[in-house]
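Colleague: Before I go back to the bench, I would like to go through this model with you, one question at a time. Please give me the reasoning as well as the answer.

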Amino acid sequence: MTDFSEQIYRLLMNVPKGRVTTYKALAQALNTKSYRAVGQALRRNPYAPKVPCHRVVASDGTLGGFNGKRGGRELEKKKKLLASEGVKILGNRVDNFKKIVINNIE
DNA sequence: GAGTCATTCGTTG
DNA sequence: CAACGAATGACTC
């Protein structure tokens with residue numbers, strides 16, 4: 001594992017349940033410009049249950065990569081999971097995203 | 001060593 | 001208002 005993934009995992013851990021993060025925020029927290037890299041590490045999910053990749057969404061509040069990329073049926077699952085966490089999903093966007101999104105991770 | 005990728009921003013139609 | 005392309009850095013094979 002790389003320090004990069006380690007940092008992401010740590011940041012996700014700092015995101016309380018019922019809240020979501022954006023790739024941009026993570027990338028900024030890691031001081032990187034490649035938002036993709038963040039998603040890449042999450043996609044592999046080096047830390048399966050510890051890194052709730054579904055809690056990470058695009059900067060627009062959309063589901064981002066989990067949408068229509070891989071069949072999309074997992075998307076439904078994630079949507080439900082997020083709703084279960086307190087994050088309501090409208091279509092493929094996060095409700096109150098602006099309120100639950102964390103633009104600034106410690 | 002090369003290819004791929006879960007994004008984002010900017011510009012143009 | 002909407003859509004397309006270009007840029008970037010990391011991870012995997």
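Colleague: In which loop is N31 found?

Modeller: This is a predicted model, and what I say should be read with that in mind. The position of N31 can be described by the elements on either side of it, which are two helices. N31 is found in the loop between helix 2 and helix 3.

Colleague: Is N31 buried or exposed, and what is its phi?

Modeller: A residue counts as exposed when its relative accessible area is over 50%. N31 has a relative accessible area of 73%, so it is exposed. Most residues other than glycine have a negative phi. The phi of N31, by contrast, is positive, near 65°.

Colleague: Where does N96 lie, and what is its exposure class?

Modeller: N96 also has a positive phi although it is not a glycine, with a value near 60°. It lies in the loop between strand 4 (93-94) and helix 5 (97-100). Because the class between buried and exposed runs from 20% to 50%, the relative accessibility of 39% makes N96 partly exposed.

Colleague: Which residues surround DNA strand C, and which helix gives the most to that surface?

Modeller: The residues around DNA strand C are T2, F4, S5, T32, K33, S34, R36, A37 and R44. By class they divide into two nonpolar, four polar and three charged. Helix 1 (3-14) and helix 3 (35-44) each supply at least two residues of this surface, and the one that gives the most, with three residues, is helix 3.

Colleague: Which part of DNA strand C faces the protein, and how far is the polar side-chain atom of T2 from a phosphate oxygen?

Modeller: Of the atoms of DNA strand C within 4 Å of the protein, 76% belong to sugar or phosphate, while the rest belong to bases. Several side chains have a polar atom placed by a phosphate oxygen of this strand, including S5 at 3.4 Å and K33, through an N or O atom, at 3.2 Å. For T2 the distance is 2.5 Å.

Colleague: How many residues surround DNA strand B, and what share of the strand's atoms within 4 Å of the protein is sugar and phosphate?

Modeller: There are 15 residues around DNA strand B, and the closest are R36, G39, Q40, L42 and S59. Sugar and phosphate account for a share of the strand's atoms within 4 Å of the protein that comes to 52%.

Colleague: Which residues place a backbone N or O atom by a base nitrogen of DNA strand B?

Modeller: Q40 uses its side chain, a polar atom of which lies 2.4 Å from a sugar or linking oxygen of DNA strand B. Backbone N or O atoms, on the other hand, lie by base nitrogens of this strand at 2.7 Å in one case and at 2.5 Å in another. The first of these belongs to G39, and the second to L42.

Colleague: Which elements give two or more residues to the surface near DNA strand B, and which supplies the largest share?

Modeller: The surface near DNA strand B has six nonpolar, five polar and four charged residues. Two or more residues come from each of helix 2 (23-29) and helix 3. The largest share, six residues, comes from helix 3.

Colleague: Which two residues form the aromatic pair, and is Y9 buried or exposed?

Modeller: A search of the whole structure finds one aromatic pair, formed by Y9 and Y47, which are stacked with 4.3 Å from centre to centre and 20° between the planes. The pair links distant parts of the chain, with Y9 in helix 1 and Y47 in the loop between helix 3 and strand 2, 38 residues apart. Y47, at a relative accessible area of 23%, is partly exposed. Because buried means under 20%, the value of 18% makes Y9 buried.

Colleague: Which residues does L82 touch, leaving out those up to four places away in sequence?

Modeller: L82 is found in helix 4 (residues 73-85) and is buried, with a relative accessible area of 0%. One of its partners, R55, is 27 residues away in sequence, yet the C-alpha atoms are 7.0 Å apart in space. With residues up to four places away left out, L82 touches V20, H54, R55, V87 and I89.

Technical notes: Residues numbered from 1 in each chain as written. Chains lettered and ligands numbered in written order. Predicted model: local features only at pLDDT ≥ 70, side-chain atom pairs only at ≥ 80, totals over all residues. Heavy atoms only, no water. Near = heavy atom within 4 Å. Polar contact = N/O pair within 3.5 Å; in protein donor to acceptor, adjacent residues only side chain to side chain. Helix = DSSP H or I, 4+ residues; strand = E, 2+ residues; numbered from the N terminus. Nonpolar A, V, L, I, M, F, W, Y, C, P; charged D, E, K, R; others polar. Buried < 20%, exposed > 50% of the residue type's maximum accessible area, 1.4 Å probe, protein only. Contact = heavy atoms within 4.5 Å. Phe/Tyr/Trp six-rings, centres within 6.5 Å; stacked < 30°, edge-to-face > 60°.
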